[in-house]
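Hi,

Here is the structure I said I'd pass along. Have a look at it first, and then read on for my notes.

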Amino acid sequence: MEQSEPRREGQGRKPEMNDREKSHGLVVPAKLRNKAAKAAADGVEGRSPTEENPNGQNADRTQGRATGQNALDRVRQAARRDKRMKFTALLHHLTKERLEGAYRRLKRDAAPGVDGVSWGEYGEGLNEKLEDLLDRIHRGAYRAKPSRRTYIPKGDGGQRPLGITTIEDKIVQSAMAEVLNAIYEEDFFGFCYGFRVRKSQHHALDALAVAIMRKKVNWVLDADIRGFFDSISHEWMRKFIEHRIGDERVVRLIQKWLSAGVMEQGEWSRSESGTPQGAAISPLLANVYLYHVLDKWVHAWRRREARGEVIIVRYADDFVMGFEHREDAERFTAELGERLRKFDLELNAEKTRLIEFGRYAASRREGKPETFTFLGFTHICGTTRKGHFALRRRTDPRRMRRKLHEVADELKRRRHEPVPEQGRWLQSVIRGYYAYHAVPNNIDALEAFGKSVLRLWQQSLRRRSQNDRTTQERMQRLRARWFPVPRIEHPWPDERFDVRIQGRNRMR
């Protein structure tokens with residue numbers, strides 16, 4: 001009879017629950033690894049895996065160190081087990097280590113807020129500043145500062161307002177978003193792609209392309225919410241947050257950020273509604289708001305009201321829906337307007353369109369099928385060489401023109417820099433542009449962008465001197481030296497999509 005291996009000290013024991021875990025019903029399974037196996041990537045409308053937080057605080061060590069568990073992992077497990085649980089104690093997850101991690105993740109060249117403090121200046125004496133900040137947060141003495149208002153051009157020629165928060169507010173908001181994401185990542189639907197962990201714009205584009213190709217999509221609703229970030233109701237936001245968050249200290253923190261106001265040309269104005277675009281907490285709050293206003297309602301509507309198939313892909317406040325039947329599409333569009341008005345939102349009638357689109361659109365209507373734009377790409381009904389339906393995606397011409405205007409303006413500023421410095425900058429610009437737009441069947445748009453940039457560069461070089469003799473031969477040499485070769489870098493949507501879902505489609 002063989003003797004069993006002696007048991008090591010601490011092996012086989014179950015970790016005891018501390019008082020906090022007992023009070024919240026957070027039962028920690030024995031021997032649960034810190035990095036537990038995660039669910040596969042979602043399908044067209046499945047669920048996404050949750051975020052890892054390597055810098056999160058851990059439970060107290062026991063004699064068996066493998067039983068130590070990330071504190072936010074316990075929050076995730078509780079949120080996953082009970083979709084109605086309200087978390088009454090969350091502020092203790094806002095630790096000095098988490099604040100420091102949030103500071104390190106900020107961009108080094110992040111624009112300063114109304115206090116004029118830059119990232120580097122705040123880092124002087126960082127340890128003492130974070131200790132003081134943490135103390136003020138837990139005492140309730142922390143006060144959010146107003147956002148500095150600035151504007152950037154929009155694709156339609158308008159101006160998009162941005163709110164630049166102070167470095168200190170960025171740190172607190174980023175750390176709190178990390179804590180709250182542990183809860184809300186378990187709630188959000190898989191068709192929500194904007195500002196989420198391990199989800200990108202190309203994942204949303206892949207999901208939409210696969211849905212159009214594989215589902216019964218004959219009608220497409222390209223919807224736009226007018227001034228969404230500026231129209232968010234603070235009253236409704238508080239109600240939505242309190243569905244999950246019972247810690248009043250966290251709720252008050254969020255209210256402070258919402259009501260901090262904005263500074264524009266030296267004058268302060270109160271924020272009666274909206275959340276500033278550019279604030280670290282705004283993407284999460286926007287997703288929470290639309291989860292309650294749109295996502296849950298759409299999911300229930302298509303299960304109970306629709307006669308045929310209905311698909312949706314949402315990225316922030318920009319979403320596209322596909323319908324099998326026209327009657328479903330028209331009825332949903334009418335009800336969507338009423339639904340949004342109930343929560344102080346409004347459809348942008350000029351940008352919201354219902355079009356016939358899909359594999360039968362060309363045969364059912366005269367002329368070419370209409371197109372729609374989503375996340376910078378124009379989606380087109382095309383055909384393969386054998387005459388079968390195929391979805392084509394081209395770079396939105398408006399986005400290309402806007403980017404070329406930016407390049408031209410920057411070249412004016414850099415006109416008298418050495419040519420190699422200009423070449424290195426243009427190389428980084430073109431490489432970044434190709435990295436996003438290099439999707440299959442879009443090579444012509446990439447080549448057109450490269451030629452346009454080369455022409456702008458030649459014009460800029462010729463303005464350096466009245467006697468400049470920049471020839472086409474020289475520009476071709478500069479192009480060969482500095483410009484990346486346009487090539488397709490992204491796989492076909494269905495290939496990448498199938499790899500992500502690994503054969504699973506967790507519909508709910």
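Below is what I found in it, going from the whole chain down to a few local spots.

First, a caution: this is a predicted model, so please read everything here in that light.

The overall picture: the protein chain has 18 helices and 11 strands. Of its 508 residues, 51% are buried. The chain exposes about 26400 Å², and carbon and sulfur atoms supply 46% of that area. If you take the contacts with a separation of 6 or more, 72% of them are between residues 24 or more positions apart.

Now for the strands. The one I'd open up is S7, residues 318-323. Is S7 enclosed or open? It is largely enclosed by the rest of the structure, because 5 of its 6 residues are buried. S7 has an antiparallel pairing with S3 (residues 219-224), with 6 bridges joining the two. If you want a spot to click on there, aspartate 222 has valine 320 in S7 as its bridge partner.

S7 also pairs with S6 (residues 310-315), again in the antiparallel sense and over 6 bridges. Here tyrosine 315 stands opposite aspartate 318 of S7. S6 and S7 make a hairpin with 2 residues between them. In that turn, alanine 316 has a positive phi of about 60 degrees. While you have the strands on screen, a general reminder: in a regular strand, side chains alternate between the two faces of the sheet.

Next, a pair of helices. H9 (residues 234-242) and H11 (residues 282-304) have axes that come within 10 Å and cross at roughly 85 degrees. That crossing angle makes H9 roughly perpendicular to H11. Which residues make the contact? From H9 they are Trp236, Met237, Phe240 and Ile241, and from H11 they are Leu285, Val288, Tyr289, His292 and Val293. Sorted by class, this contact has 8 nonpolar residues, 1 polar residue and no charged ones.

Last, one residue to look at by itself: valine 210, which lies in helix H7 (residues 201-214). Its relative accessibility is 3%, so valine 210 counts as buried. What does the sequence hide here? Valine 210 and aspartate 498 are 288 residues apart in sequence, yet their C-alpha atoms are 9.4 Å apart in space.

That's the tour. Shout if you'd like to go through any of it together.

Cheers

Key: Residues are numbered from 1 along each chain as its sequence is written. This is a predicted model: local features need pLDDT of at least 70, side-chain atom pairs count only at pLDDT 80 or more; totals for chains, interfaces and linings use all residues. Side-chain values use heavy atoms; hydrogens and water are left out. Axes are lines fitted to C-alpha atoms, for helices over the stretch in contact, and angles run from 0 to 180 degrees between N-to-C directions. Helices (H or I, at least four residues) and strands (E, at least two) are DSSP runs, numbered from the N terminus. Angles under 35 degrees count as roughly parallel, over 145 as roughly antiparallel, 65 to 115 as roughly perpendicular and the rest as oblique. Contact means heavy atoms within 4.5 Å. Ala, Val, Leu, Ile, Met, Phe, Trp, Tyr, Cys and Pro count as nonpolar, Asp, Glu, Lys and Arg as charged, and the others, Gly among them, as polar. Buried means under 20% relative accessible area, exposed over 50%, partly exposed in between (1.4 Å probe, protein chains only). Accessible areas come from the Shrake-Rupley method with a 1.4 Å probe; for residues, only the protein chains shown count as cover. Two strands pair if DSSP finds at least two bridges between them.
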